[in-house]
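Subject: Structure handover

Hello,

Here is the structure I promised to pass on. Please open it and keep it in view while you read my notes.

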Amino acid sequence: MVKTPIYFDHAATTPLCKEAFDKMSPYFTQIFGNANSQHMFGREAVKAVDEARDSIAKIINCKPNELYFTSGGTEADNWALRGVARANANKGKHVIISPIEHAAMLVTAKALEKDGFEISYMKVDEEGFVDLEHLKTIIRPDTTLVCCMLANNEVGTIEPIKEIAKIAHDNGSLMFTDAVQAAGVLKTDVKELGVDLMSMSGHKIYGPKGIGALYIRNGVKVESILTGGHQERMKRGGTTNVPAIVGFAEAFRIADRDREKNFEYVCSLRDKFIDRILAEVPFVKLNGPRKENRLPANADFSFRFIEGESILFSLDLAGIAVSSGSACSSGSLEPSHVLMALGLPEGLAHGSIRFSFGKHNTLEEIDYAVDVVKEAVEKLRAMSPLFKAQGDIKYV
Amino acid sequence: MYNEKVMDVFKNPKNVGEIENADGVGLVGNENCGDIMQIFLKIENDIIVDAKFKTFGCAAAIATSSTATEMVKGMTVEEALKLTNRRVVECLGGLPAQKLHCSVLAEEAIKKAIEDYQSKKQA
């Protein structure tokens, strides 16, 4: 018998790895100094932060002074978008963004619009890939920034960032990528990707919550959004979160060290799961790319005739933790903006469930989950007025 | 989030299914909103003797469907018309604020099923 609960929500967050936890622990009670203090306590803290910064900089192939620690992915996203748009407003007030970005980007873009900036949205195809030809038609001389995530959090699409960055640079625009889901999973070499800014987060890669980073290429003008003390070379105020930074760097080091091994292993879990669900559950659609250019952790399905939140809780009752793109699970009345941008009919978007796997999951768990999904879907369909009426309703 | 009562009802909902030759059927909501509720009533001498439902929707929609159908069984048509969503929610020990519209659907579906019964009776 498989041990429950089973955690299939690694795109939401991951458990802290032991190595990071151990490395962090002395920084709470013993080495507690403020990294801004000049005495020995402060110097010890600074030393730890410097080492962490060097380690992450090496992994993403940037200079240590191009890496800024933030409170997480959301702050890094906010800073990149708002900070670049504002600092470069004298050159232009036009920004291009993908429609499947995280809310940290989309909501910030809406706020910029109110401040007089113009936002244009890229087009994505039904698997979530950015339409490069369309991008070439909407980029303008006054476009200061192009933003596209490296990998999508809901449907796992890995975007052609190199190509997008080339289009941005050919036009004289800056390129930002949100690598929150990708860092530690894919190779995130900023030179190879050709990006000017890149956001990352600790807790998606078995690091602590409440810590992230923004890479800002030297020479890129960015306005600060957290104004305050002298931290982060005067660019980001706020007392340095030393234990979290230490844990983030250690988790990133482990993730990078085991990257290829984990990639292959998690892909094998995902592929087994996708293959079995598609073969054994009728009326189901895989959202996002088939297997190529899909995040190893991600399997996102729409189950026709039933609603996502009720699937989520049915799985929850059977000891499996997943998330849903349905309106009911988000607390809003709109289903996932990502699935809508991919062109899914609303009914199918409401019936979506995201499974995201991790390095601790097993093939036994995958097999158990498929059986539970089959049973839950069957039970909910028996309750659904749409299932019987399927002949009368048109589905894509 | 949901309380234990709601989760219990969601786990083991009562009155799932259809009633053949129902005296009144009410269908409300639509797929685009993510909630469809269909309620079937068996009515004898203006008393609801059986109620069943089919629901496409979240856990709250399923739980309110189950509870509302349980509540109207044994009621006169007149009493059932007075059933409010508030009473269904109370019976479930409360729902999260953003889920209250699901209980409104249950109230509407029952009203619609009774209207269907009444219009059939007049015909």
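Where in chain A does A:Pro5 lie? A:Pro5 sits in the segment before strand S1 (6-7) of chain A. Look at the bond that leads into A:Pro5. The peptide bond from A:Thr4 to A:Pro5 is cis, and its omega is near 0 degrees. Keep in mind that this is a predicted model.

**Two domains in chain A**

Chain A splits into domain 1 (18-257) and domain 2 (259-385). Their centres, taken over C-alpha atoms, are 28 Å apart. The two domains touch: 28 residues of domain 1 of chain A are in contact with 23 residues of domain 2 of chain A. Together they bury about 2,100 Å², and carbon and sulfur atoms give 58% of that area. On the side of domain 1, A:Glu154, A:Val155 and A:Tyr206 supply 31% of the area buried against domain 2, more than any other three residues.

Polar links cross this interface too. There are 10 residue pairs in polar contact between the two domains, with both residues at pLDDT 80 or more. Helix H9 (residues 242-257) of chain A gives the most to the domain 1 side, with four residues. That side divides into 13 nonpolar, seven polar and eight charged residues. The count of salt bridges between the domains is one. In chain A you can also find a salt bridge between the side chains of A:Arg259 and A:Asp256, at 3.5 Å from N to O.

**Where chain A meets chain B**

Now turn to the second chain. Here 25 residues of chain A are in contact with 26 residues of chain B. The area buried between the chains is about 2,100 Å², with 65% from carbon and sulfur atoms. Within chain A, A:Leu317, A:Met383 and A:Pro385 lose the most area to chain B. Together these three make up 28% of what that side buries.

There is one salt bridge between chain A and chain B. B:Lys99 forms a salt bridge with A:Glu309, and their closest N and O atoms are 2.7 Å apart. Eight residue pairs are in polar contact between the chains, both residues at pLDDT 80 or more. Four helices of chain A give two or more residues each to this side: H11 (308-317), H14 (346-350), H15 (363-383) and H16 (385-388). H11(A) gives the most, with six residues. The chain A side divides into 13 nonpolar, six polar and six charged residues.

**Three loop residues to look at**

Start with A:Tyr206, named above for its share of the domain interface. A:Tyr206 is in the loop between strand S7 (197-201) and strand S8 (212-216) of chain A. Its phi is near 65 degrees, a positive value in a residue other than glycine. Is A:Tyr206 buried or exposed? A:Tyr206 counts as buried because its relative accessible area is 11%, under the 20% cut-off.

A:Asn293 also has a positive phi, about 55 degrees, although it is not a glycine. A:Asn293 lies in the loop between strand S9 (284-287) and strand S10 (298-303) of chain A. With a relative accessible area of 42%, A:Asn293 is partly exposed.

Last comes A:Pro335, in the loop between helix H12 (327-330) and helix H13 (337-341) of chain A. A:Pro335 is buried, with a relative accessible area of 7%. A:Leu348 is 13 residues away along the chain, and the C-alpha atoms of A:Pro335 and A:Leu348 are separated by 9.4 Å.

Best wishes

Notes:
Residues numbered from 1 in each chain as written. Chains lettered and ligands numbered in written order. Predicted model: local features only at pLDDT ≥ 70, side-chain atom pairs only at ≥ 80, totals over all residues. Heavy atoms only, no water. Contact = heavy atoms within 4.5 Å. Buried area = accessible area lost by both parts, 1.4 Å probe. Salt bridge = Lys/Arg side-chain N within 4 Å of Asp/Glu carboxyl O. Polar contact = N/O pair within 3.5 Å; in protein donor to acceptor, adjacent residues only side chain to side chain. Nonpolar A, V, L, I, M, F, W, Y, C, P; charged D, E, K, R; others polar. Domains from an automatic or database assignment. Buried < 20%, exposed > 50% of the residue type's maximum accessible area, 1.4 Å probe, protein only.
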